[in-house]
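Colleague: I am new to this structure, and I would be glad if you could take me through it step by step. Please start with the overall layout and then turn to the details.

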Amino acid sequence: MEQEFYQGLAHRVRTLAEKADPFTRRRLLDLAKRYDAKGGQTSRPAAAERPLPTPRTTPPASILSGPGEA
């Protein structure tokens, strides 16, 4: 019964991912994989996707050096 629950969640999340922007789609597909793993199902083969860019730790220089700043 628990396996069916997680399979259902994975299916719903994949359906949402079809309509989402690329960033959200990737996160939703990762979530669906985790639901598959909890349900004891092997994960589906992933489509070739670009890795997410690493987050910035500092703002871009153009923000820091504007005219009129002290």
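Modeller: From the N terminus on, the elements of the chain run α-α-α. Please keep in mind that this is a predicted model.

Colleague: How many helices and how many strands does the secondary structure of the chain come to?

Modeller: The order of elements from the N terminus, α-α-α, names helices at each position. The secondary structure accordingly comes to zero strands and three helices.

Colleague: How far apart are the end C-alpha atoms of helix α1, and what span should its 17 residues have?

Modeller: Helix α1 covers residues 2–18, and at 1.5 Å a residue its 17 residues should span 24 Å. The distance found in the model agrees with this expectation, because the end C-alpha atoms of α1 are 25 Å apart.

Colleague: Within what arc do the buried residues of α1 fall, seen down its axis?

Modeller: The buried residues of α1 are Y6, L9, A10, V13, R14 and A17. They line one face of the helix, because, seen down the axis of α1, they fall within an arc of 135°.

Colleague: Which exposed residues does the face of α1 turned away from its buried side carry, and what is included in the cover of the buried residues?

Modeller: On the face turned away from the buried side, α1 carries the exposed residues E4, H11, R12, L16 and E18. As for the buried residues of α1, what covers them includes α2, residues 22–38.

Colleague: Which helix supplies the largest share of the largest nonpolar core?

Modeller: In soluble globular proteins, nonpolar side chains tend to be buried together. Here the largest nonpolar core has nine residues in all, namely Y6, L9, A10, V13, A17, A20, L28, A32 and Y35. Both α1 and α2 supply at least two residues of this core, and the largest share, five residues, comes from α1.

Colleague: Are α1 and α2 roughly parallel or antiparallel to each other?

Modeller: The axes of α1 and α2 lie 8 Å apart, and the two helices pack at an angle of about 170°. One residue on the α2 side of their meeting is A32, which touches A10, V13 and R14, leaving aside residues up to four places away in sequence. Angles over 145 degrees count as roughly antiparallel, and α1 and α2 are therefore roughly antiparallel.

Colleague: Where is F23 placed, and is F23 buried or partly exposed?

Modeller: F23 has its place in helix α2. Its relative accessible area is 44%, and because values between 20% and 50% count as partly exposed, F23 is partly exposed.

How values were computed: Residues numbered from 1 in each chain as written. Predicted model: local features only at pLDDT ≥ 70, side-chain atom pairs only at ≥ 80, totals over all residues. Heavy atoms only, no water. Helix = DSSP H or I, 4+ residues; strand = E, 2+ residues; numbered from the N terminus. Expected span 1.5 Å × (residues − 1). Buried < 20%, exposed > 50% of the residue type's maximum accessible area, 1.4 Å probe, protein only. Arc of directions from axis to C-beta. Contact = heavy atoms within 4.5 Å. Core = buried A, V, L, I, M, F, W, Y, C linked by side-chain atoms within 4.5 Å. Axes fitted to C-alpha atoms, helices over the stretch in contact; angles between N-to-C directions. Parallel < 35°, antiparallel > 145°, perpendicular 65-115°, else oblique.
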